[in-house]
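Trainee: I would like a close look at one part of this structure. Please take me through the aromatic rings.

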Amino acid sequence: MSKAISIFDTTLRDGTQGEGVSLSADDKLKIAKKLDDLGAHYIEGGIPGSNTKDIEFFKRVKELNLSAKVVAFGSTRRKGSIASEDANLKRMIESGAQAATLVGKSWDFHVHTALQTTLEENLSMIYDSIAYLKQNGMEVIFDAEHFFDGFKHNPEYAQAVLTKAHEAGADWLVMCDTNGGTMPHEVYEIVSTLAGRLPQAHLGIHTHNDCELAVANTLSAVQAGARQVQGTMNGYGERCGNANLASIIPNLQLKLGYECVSEDSMRQLTNVARYVSEIANVNMPINQPYVGNAAFAHKGGIHVSAILRDSRTYEHIVPELVGNKQRVLVSELAGQSNIVSKAQELGLEFDPSSANSRQIIEKIKDLEHQGYQFEGADASLELLIREANGDMKELFTFESFKMLVEKVAGKSVVSEAFVKLNVGGTSAYTAAEGNGPVNALDNALRKALVQYFPSLANMHLSDYKVRVLDEKDATAAKVRVLIESKNTENTWNTVGVSENVIEASWEALVHSFRYALLQEKLQDEPDVVNIPAHGLSNH
C-alpha cells in the first residue's frame, strides 16, 4: 500500500467554528498561501454563498494560483428534492473550486432524528448529490458525518452509506469522528474493516478532539488504511477542536515513515503554525508539541548538562526538522550548564570554570527568590547575561516618571504618563495619554525614544500579564508583570517585579525597549554591542 498521505486542511472552515476564532477574507487568503507553501494538498475555504467573507474568498483565491486544490464545503440535497435544483450544490459548482466536500449522514439515529427522513431517502440524497457534482466536473470528498458512532450502532447501514457514495463516484470516502468520542483501537478496527470491504475506495479520516485523542485516532486510521487526513492548523475547531495537523504531519512523516510534505516544507511547519496563530489572534500554547515555544526547552540542570553533550539525551527529534529550535531555560532550578548553554546560544565567550558563571547563577536565584521568573522572560535574561559579561553600555537612562489617573463622574477614566529620560546626554521629557496607566507609560516611553531610535515605532506590546506573588498580603502584595512585545520580525518577553504594579510594569517595559534596541544593534553591527544596561535592580 502507498505510503503517500494526502493532507486536507480545514482551518479556514472547520477551524473557524472554534470559540474565539474569526477570520476575515484577507485573513483566509493569507493563511491559504501559507498552507500552500507548507504543501497541503487540499485547502477547504468555507461554504460558498453562506456569507460575504466566503464569497469574497472563493472569488479572490483564484488570483493566488495555489498548487493545493481549493475545496468548497456543503451538504447533500434536501430530502424530497432534486440535486440539480439544490441551491447549496449549485453554489458549490459556481464557486469555481476544484473540489467539493460533501457531508452526509451515516448514523441512522441522525437520519431519523436530525433529517427526519428514511434510511433509503438518505442514501438517495447522498448518491444524487455526489453524482451531480461529478457530472459538473468536481472532485468529490464525501465526509461521512458521525461515521464511527453510526458504525458502532448500525454497522450495516454505516457501510451502506460509504458503499453508496463510492458507487456515485466519490473520489474520497472520509470517516468522521464528529463527536470525538471514539477510542484509537476502535478507529483502527473499524477503518481496517472498511478498507477490507471497499478495497478500491480511497479512505480518509476526520477526527475531533473531545477526548484529546484526535491526533492518536488519525494515526490509527492511517495505519489501518486511510490515506487522507483532515485537520486544522493548531487544532482549531468547534468544542475541543479538530485534529492538529501541526502534530499529525511530523508524527506521520518523522515517526511512521509516511510521505506528507517535502523536507523543506517540513522545516516551515513551526513558522506556519505560529503564523496562523498570529493571524487568528489566538495564543499558541507554549507546550504545543513540535511547534510550541517550549517544545524543545530544557530547564533542569541535569537535562541541560546532558543535551550539551548530545541533544538526543532529552529530545526525540532534531528541532530544526520542523523549523523549531532548542531553548535552555534559566531559573533557580538551573545549574551552570544552563548559563553556559544560554551564553553559547547568544554567541558569547563564557568560561564554565570562571567565577562569573557562579555569580550569575547566584544572582538569578536571588532574583527568582524575589519573584522574578526567567523561563518566561528570555529577553530579560539575555540582557542580564550580557550585562554580567560586560557587553553593554547605556544608550538611555531613566530619571523619573509620574502618573495622572483622573475619573470624572459620567466619563471614562483618563490616564496620562510623564516620563523623563537622559538620552546620550540630552534630557528627553514627554507626556502621553493611554487607555490605562501601563498603556500611557508605554506611549510616553515610546514617544521619548522614537525620535532617537526610529525603529521603535515598529514594536508594540502584544500581551500583558500580572501575577500576585503572595496573596496573604492582599493589596500590598508583590506582583510580577510579564510583557510580550513584538515587531515585524520577532516576539520577546520581559519581566518586572515590585510591590507596586505600575513600577513592575515600568521595569518590564524598559527591558522590552532595551531588548528591541539590542536586536537592532546586533543586526547592524554583529561584532559590536552598544546598548543599554539591563539594570534589573534599577527601575
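Over which ring does the charged end of K402 sit?

Mentor: This is a predicted model. The charged end of K402 sits over the ring of F418. The distance to the ring centre is 5.5 Å. K34 gives another case: its charged end sits over the ring of Y275, 4.9 Å from the centre.

Now turn to rings that meet rings. A pair of aromatic rings is described by the distance of the centres and the angle of the planes. The structure holds nine aromatic pairs. Take W107 and F109: their ring centres are 5.1 Å apart and their planes meet at 50°. That angle is neither under 30 degrees nor over 60, so the pair counts as tilted. Look at the accessibility of each partner. W107 has 15% relative accessibility. Buried means under 20%, so W107 is buried. F109 has a relative accessible area of 42% and is partly exposed.

F401 and W506 form an aromatic pair too. Their centres lie 5.0 Å apart, with 40° between the planes, and this pair is tilted. The pair links distant parts of the chain. F401 belongs to strand β11, residues 396-406. W506 belongs to helix α18, residues 501-524. The two residues are 105 residues apart. F401 is partly exposed at 26% relative accessibility, whereas W506 is buried at 0%.

One group remains. F147, F148 and F151 form one aromatic cluster.

Note on methods
Residues numbered from 1 in each chain as written. Predicted model: local features only at pLDDT ≥ 70, side-chain atom pairs only at ≥ 80, totals over all residues. Heavy atoms only, no water. Phe/Tyr/Trp six-rings, centres within 6.5 Å; stacked < 30°, edge-to-face > 60°. Buried < 20%, exposed > 50% of the residue type's maximum accessible area, 1.4 Å probe, protein only. Helix = DSSP H or I, 4+ residues; strand = E, 2+ residues; numbered from the N terminus. Lys NZ or Arg CZ within 6 Å of the ring centre and 35° of its normal.
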